[in-house]
Amino acid sequence: MRLATIHTKRGPRIAALRKDGYVDLQAADGRLPSTMRQLLAGGPELLTLAEQAAHRGDPIPAEEVVLLPPVHDPEKIICVGANYADHAAESGVPVPPEPIIFCKFLTALCAPEQPVVLPRVSNEVDYEAELVVVIGRTGRYIPREKAHEYIAGYTCGNDVSARDWQLRKPGNQWLLGKSFDTFAPCGPVLVTRDEFTHPLRLPLELRLNGTVMQHSNTEQMVFSVEDLVSYVSQVFTLKPGDLLFTGTPAGVGMARKPPVFLKPGDWVEVEIGQIGVLRNPVVAEK
Ligand code: ZN
């Protein structure tokens, strides 16, 4: 199933994407909740109802829909650094023996087509195409071999990063550098795990104004999605709707000669096989 969160007059609603448009799932079946977190928390029973409602409901044409991030109110946004060997090499850091984890605040979330705002206190804002895992079940100390049961599905993300804050503040401020408002574009849809074969082999690409800047495959990850889910669950309880950005491959702007940083008027597209394209314009802060 391809699930989205759409803007409606009654507030955010979950919708299923069909060939002919988006079906507001709660409008199609009043037993369904209005938000993605509630739907995922309902487990397989609610997902089955959602699937039936998706077939039955009346579609809204895609051009009339305003998308929000697939999970518009996650409890956590967890991120992983240096999870592709080629990106670790271009960044001048060794491949880490254990995952490097940081987070973004919810104010960083950014919907498809919503502008990424270049903060006036940074001159080095960069892009990072990433597969995003959406957690589907509550869990702590999740064994690696059971980790897939805790994954609801996947979406596209852009781990926007202010390199001057991330790398040149005392102590390397990853959280600050990567958590400016709008620095976590996510979407367009959450594709449920049953639509994928594992281990994942999804082509992943980032285009800046139509030029391919990153092109890789999720099979190149140092730590797999299962490794990452299991690893972080040693520390905190994962909850339905939590997002896990899984790291970026080579080709980021800071590693280019000369470096390429985002500027007002740019368009960034992250495309991942079987999921779709996440597009965001770039604007200056007012
Ligand atoms: Zn990243």
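Begin by selecting helix H7, where Val-225, Glu-226, Leu-228, Val-229, Ser-230 and Val-232 are buried, a word that here means under 20% relative accessible area, with exposed meaning over 50% and partly exposed the range in between (1.4 Å probe, protein chains only). Helices (H or I, at least four residues) and strands (E, at least two) are DSSP runs, numbered from the N terminus. Residues are numbered from 1 along each chain as its sequence is written. What you are viewing is a predicted model, in which local features need pLDDT of at least 70 and side-chain atom pairs count only at pLDDT 80 or more, while totals for chains, interfaces and linings use all residues, and side-chain values use heavy atoms, with hydrogens and water left out.

Keep H7 selected, and note that this helix, residues 225-232, is mostly covered, since six of its eight residues are buried. Which strands do the buried residues of H7 pack against? Add strand E6 (77-81), strand E7 (100-104), strand E11 (129-135), strand E12 (151-158) and strand E17 (243-245) to the selection, for these are the strands that they pack against, where a contact means heavy atoms within 4.5 Å.

Next, select the cysteines. The structure holds zero disulfides, a disulfide being a pair of cysteine sulfur atoms within 2.5 Å. Why does Cys-79 have no bond to Cys-103? The sulfur of Cys-103 is the closest cysteine sulfur to that of Cys-79, but it lies 7.3 Å away, which is too far for a bond. Cys-79 itself counts as buried, because its relative accessibility is 0%. Moving on to Cys-186, you will find its closest cysteine sulfur in Cys-156, at 8.6 Å, again too far for a bond, and Cys-186 is also buried, at 2% relative accessibility.

Now go to Gly-42, which sits in the loop between helix H2 (36-41) and helix H3 (43-56). Gly-42 is partly exposed, with a relative accessible area of 30%. If you also select Val-270, which is 228 residues away from Gly-42 along the chain, you can draw a line of 30 Å between the two C-alpha atoms.

Finally, show the whole chain, whose secondary structure comes to seven helices and 19 strands. The radius of gyration (taken over C-alpha atoms) is 18 Å, close to the 19 Å that the globule rule gives for 286 residues, so the chain is as compact as a globular protein of that length; the rule is 2.2 Å times the number of residues to the power 0.38. Along its principal axes the C-alpha trace spans about 55 × 45 × 30 Å, and buried residues make up 56% of the 286 residues.
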